[in-house]
Amino acid sequence: MEKKKCPQCKNLISKTSPTCLYCGRPNKFITKEYVNKKWNKDNSKNVFDYIFINKYLVLILFLILIIIIIFN
């Protein structure tokens with residue numbers, strides 16, 4: 001496990017820890033890139049579900065239209 005010095009209190013902390021155990025300083029600052037990565041992961045799942053549901057709705061409407069045309 002790699003460790004680094006906390007810039008504020010100079011104690012050794014793990015590189016993967018979210019905050020310093022001694023002073024509470026954040027290890028990784030929340031930046032715009034960090035927020036965008038988190039949101040893009042969540043949105044990609046929602047967009048997939050939305051497209052998947054719409055494909056089925058279009059298919060059902062298309063089948064209903066074909067049935068109406070055949071029986072008229």
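**Leu-59, Ser-14 and the overall fold**

Leu-59 is partly exposed, its relative accessible area being 42%. In this predicted model, the residue belongs to helix α1, which spans residues 32–71. Leu-59 is also one of the members of a nonpolar surface patch, together with Tyr-56, Phe-62, Leu-63, Ile-66, Ile-67, Ile-70 and Phe-71. The combined accessible area of these patch residues is about 850 Å². Membership of such a patch requires over 30% relative accessible area, and Leu-59, at 42%, therefore meets this cut-off.

Ser-14 provides a second point of reference. This serine is located in strand β2, formed by residues 12–14. Its relative accessibility is 13%; because the limit for burial is under 20%, Ser-14 is classed as buried. The side chain of Ser-14 makes a polar contact of 3.0 Å with the side chain of Thr-16. When residues up to four places away in sequence are set aside, Ser-14 is in contact with Met-1, Glu-2, Lys-3 and Asn-27.

At the level of the whole protein chain, the secondary structure consists of 1 helix and 2 strands, arranged in the order β-β-α from the N terminus. The chain contains 72 residues, of which 8% are buried. Its exposed surface amounts to about 6900 Å², and 66% of this area is contributed by carbon and sulfur atoms. Of the contacts between residues at least 6 apart in sequence, 0% link residues separated by at least 24 positions.

Terms used. Residues numbered from 1 in each chain as written. Predicted model: local features only at pLDDT ≥ 70, side-chain atom pairs only at ≥ 80, totals over all residues. Heavy atoms only, no water. Helix = DSSP H or I, 4+ residues; strand = E, 2+ residues; numbered from the N terminus. Buried < 20%, exposed > 50% of the residue type's maximum accessible area, 1.4 Å probe, protein only. Contact = heavy atoms within 4.5 Å. Areas by Shrake-Rupley, 256 points an atom, 1.4 Å probe, with all protein chains shown as cover. Patch = residues over 30% accessible without salt bridge, like charges linked within 9 Å, V, L, I, M, F, W, Y side chains within 5 Å. Salt bridge = Lys/Arg side-chain N within 4 Å of Asp/Glu carboxyl O. Polar contact = N/O pair within 3.5 Å; in protein donor to acceptor, adjacent residues only side chain to side chain.
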